Every structure is written in structure tokens, then in C-alpha cells.
Amino acid sequence: MTTTFDEMWGKEERLRSPYSQFGQWFEGEDPARLRAKQREAEEVFRLTGITFNVYGQAAAEERLIPFDIVPRIISGAEWKKLTRGIEQRVRAINAFLHDIYHRQEIVRAGRLPVEMIKNNEAYLPEMIGVTPPGGVYTHIVGIDLVRTGDDDFYVLEDNARTPSGVSYMLENRETMYKMFPELFAQTKVQPVSQYPRSLLRSLSACAPACAGETPTVAVLTPGSYNSAYFEHAFLADQMGVELVEGSDLRVVDGRVAMRTTLGYKPIDVIYRRIDDAFIDPLSFNPESALGVPGIMDVYRAGNVAIANAPGTGIADDKAIYSYMPEIVEFYTGEKAILQNVPTWRCNDPESLKYVLDNLPELVVKEVHGSGGYGMLIGPTASKKEIAEFRKKLESRPGNYIAQPTLSLSTVPILTKAGLAPRHVDLRPFVLVSPEGVNITPGGLTRVALKKGSLVVNSSQGGGTKDTWVLED
């Protein structure tokens, strides 16, 4: 039987050092006051309008993301090791993207089968030979990490397209400051509030050569019905830049320009929160009303920066993920500091046989899936669900990968009965520019609020926590 590592109490049920100050503070608190603070925090989120949309339900239901007031605490030493691994991985991803859209040296070297690129729906032939301004493909990256022991961290997946959740990281911290100022006065927690400024500086550093001294940056949103619209509006406001929709933009004199009261003004950097297929109806989906006709021609001419670059989705494809240790070593010359979760590629006949024989013990995911959808968690699935997934695997094996069920670490949440352990993951947010790699200390901790559940996604009933990285 596997034992679950608890980040507050460790395996021997002794308070771990990162939680020592918090533990002492918690012991001295009135449980009734803490429960009142939990309700107060939920009201703050409601008044602020921090919601997300749940698709696939009547009228795309809008919900609050549950927030738990017990922080997830990481020591400065632990964070230093994580950041080394995260930076190494992000640099390798950018090098990989440049390579596969240029000479494909990794394929020539036999380290990656050409089919993994050629047959991948996230690979965009329109990006072949294109080098983005500043040479950056993934300007904003979210690396999902899980922990299984005191010193054991794994990368669960790489989010290289349009990683979401940073607004919740910022609002979680702001809410905790309001609720418990005395706790921050006695605990040295590294700040996260600089993220919007860092994001603007990082995006501006990727502006094309035609930009002026102060580049014009805008956030491109699909609109208010998108599940992450709150975040789009929040980040535009925090950066002090325009929030635009495709209908606000057009190509004017070889530049992308936005409509203003004084006419059309050129934009240098577009932080896009729409999918590749909808960016340009002339290059991709002709039915798209969300993008800008002709924007890809401007992009290929080097007259606008798009963050993240079109075609980056291949780097967070779950089949490509299984090759990440080789990708990191190929482009950095070093062994990967952060390890992958062991992964079976179901398009391999031997791997498929193993997966089919062991479905009740495995987690099976769609190669292009996200948000906790389209996956099977074998140990908690019914016989009927396993049988249905078996048919899917047999009919389209290349559409899936499988992984062992990890014993994810737990962090306590506040319940009516006191503290109770729940499984968590962590999404640190990484900014990449020609100036370097910037990793915000902490990130978004997602927590499975249901007892025993391993699914942390908000769309599947999960919540969030404030993530503290302590000063050394």
C-alpha cells in the first residue's frame, strides 16, 4: 500500500519546517474565526467576480472557483531546485519549437520519430521557416508539477499554448493579505504581485523591430463568453493595456492595428488568448470570427509579435511529453532535472497491450485533452467506464497515453471538523523573453476538494490555494 506524503506533516506526522510558523499560528486561532474568514474569502471572490464558465452544461454555467484559506507552503531551498528544473525545461521547449519549424535536427538525429511531428494536428506548416521576434515561441508557460515525497517532484504536463490561472494566483494572494495580515507580518513570503509588471516588460521585450521605444501591447480575447474571460480582462487591466476582440483589429499598411477614437493604431505585441485555428480565417478556419484576417502575413513578415506563437501546441501535446527527457537532453546537453511521470504511448503495440491489461490501475489521457476531460482514472472508475474506455483505446490507440496512478502529495484544507488532507498539484508561471526566464515564486495550487479525489481541475470540482514560497 502506498503512503501519501503530506506537505504539512510529512510521513512521520511531525510538522515540517516550512509549516512551523503557520502551525504555531494555527494552533492559537479560534476555529470559529477561521471558518468565518473562509466564508469572508468566498464573499470577496463573489464580489470581485472571480468566476469561470463550465461548458457542456446548460447555458455554460458560471461558477466561483472554491478557495481554501490554508496556504500551501514551499521552502526557499525547495523552490530553488524547482526553478532550475523549470528553467531548463522551458529553454529546451523553445529550442525544440525553433528546431521543428526549421531544420528538425532532433528528427535527423533519430531522437524523435518524424511521425510525431508530421501526423500531429498541433503542428502548423504555416510556421515552417518562421522565427518569431526575439526568437521566443512560448512567452508564457505553465508547467504542471506534482509531488510524491519530500524531494520527489514530477512534471505532469507542459502548458505551452495559452496557460490560464495566473489571475487566481494573484487574487488568492490579495485575499489572504486581506484576511490574515498578521500572518504575513510574521512569515517571510516571497511576493507575487509583480507578475503583471513582469509580464508587460517581458512581452514588450519581444516587440518587432518596427515597434517604437514604448511598444504597444494588447490582450486578444475571444469575448465575454470564454471560460477564462475574467483573466483576460484582469491581466489587461493590471498591465494597463487594451483588451481587444478580433472585430477591433484589422491589417493596415502591413501592420496589425486596433480601432481607437482617433482611428486605427498599430499594435506591436498581441497576447492572444484564442486558439490557433481561430487566429486568422485566411490561414486557418475560414469560419472564424474571433481572429484577424491577414494577421499571419503580418506575423511572417516580422511586423507583429504573437504570444504565444502559433504552433506552440505541439510542445504540450501529451505524446510529445513522453519524449521530453530526450528533448531536454538533446537541446541542453544535460539530464532533465525534473522528471516526467512514466508514460506508455498507446500507439506502440506492446505498450497498448500493457495498458489494456492494466486499465483498472492506470490513468489514461487523450493526447490533446485538457481540463480533466477525456481521461480515465482507473482506480476510481466503474467497470462500465473501464469497458467504454477499452473500446476507445482499441479503436484509436494513437489518441491516448497512459500513466501510473501517482500517490500525489496532500495539503490540509479547512473543513467543519478542522484540517483534512486533500491532493494538490502546482502550476508555476514562467515568462520568457530575450532578456531571460522569469519564474514567479509560487504559482497556482489546485486542490481536489473531494476526499480521496485526484482530479484538481476547477471544471471537475477542484479549488485553489495561495502558494507561499518562503524567503531563505
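**Entry 1, the cavity.** I began with enclosed space and found 1 cavity of 30 Å³ or more, keeping in mind that I am reading a predicted model. I then looked up the volume of the largest cavity, and noted that it comes to about 40 Å³. For its lining I wrote down F22, W25, F26, L34, I69, V70, P71, M176, F180 and L183. Sorting these residues by class gave me 10 nonpolar, no polar and no charged. I also asked which elements supply at least two residues of this lining, and the entries are α1 (20-27) and β3 (67-74).

**Entry 2, α3 and α12.** I turned next to helix α3 (residues 76-100) and helix α12 (residues 324-332), whose axes come within 9 Å of each other and cross at roughly 85°. Since angles of 65 to 115 degrees count as roughly perpendicular, I recorded α3 as roughly perpendicular to α12. On the α3 side I listed Q88, R89, A92, I93, A95, F96 and D99 as making the contact, and on the α12 side M324, I327, V328, F330, Y331 and T332. By class, I noted 9 nonpolar, 2 polar and 2 charged residues in this contact.

**Entry 3, α13 and α14.** I looked up a second helix pair, helix α13 (residues 349-357) and helix α14 (residues 383-395), and found that they pack at an angle of about 175°, with their axes 11 Å apart. Because an angle over 145 degrees counts as roughly antiparallel, I entered α13 and α14 as roughly antiparallel to each other. The residues in contact are L352, V355 and L356 from α13, together with R390, L393 and E394 from α14. I sorted this contact of α13 with α14 into 4 nonpolar, no polar and 2 charged residues.

**Entry 4, S198.** I located S198 in helix α8 (residues 195-204), and then asked whether S198 counts as buried or exposed. Its relative accessibility is 7%, and because buried means under 20%, I put S198 down as buried. Leaving aside neighbours within four places in sequence, I found S198 in contact with L431 and N438.

**Entry 5, α9.** I finished with helix α9 (residues 229-239), where I listed the buried residues as F230, E231, H232, F234, L235, A236 and M239. I then checked what comes after α9, and noted G240, which has a positive phi near 75°.

Notes
Residues are numbered from 1 along each chain as its sequence is written. This is a predicted model: local features need pLDDT of at least 70, side-chain atom pairs count only at pLDDT 80 or more; totals for chains, interfaces and linings use all residues. Side-chain values use heavy atoms; hydrogens and water are left out. On a 1 Å grid over the protein atoms alone, a cavity is a set of points where a 1.4 Å probe fits but cannot get out, and a pocket is an open set with protein on both sides within 12 Å along at least five of seven lines; lining residues have an atom within 4 Å of a point. Grid points are joined across faces, edges and corners, and a volume is the space filled by probe spheres set on the points. Ala, Val, Leu, Ile, Met, Phe, Trp, Tyr, Cys and Pro count as nonpolar, Asp, Glu, Lys and Arg as charged, and the others, Gly among them, as polar. Buried means under 20% relative accessible area, exposed over 50%, partly exposed in between (1.4 Å probe, protein chains only). Contact means heavy atoms within 4.5 Å. Axes are lines fitted to C-alpha atoms, for helices over the stretch in contact, and angles run from 0 to 180 degrees between N-to-C directions. Angles under 35 degrees count as roughly parallel, over 145 as roughly antiparallel, 65 to 115 as roughly perpendicular and the rest as oblique.
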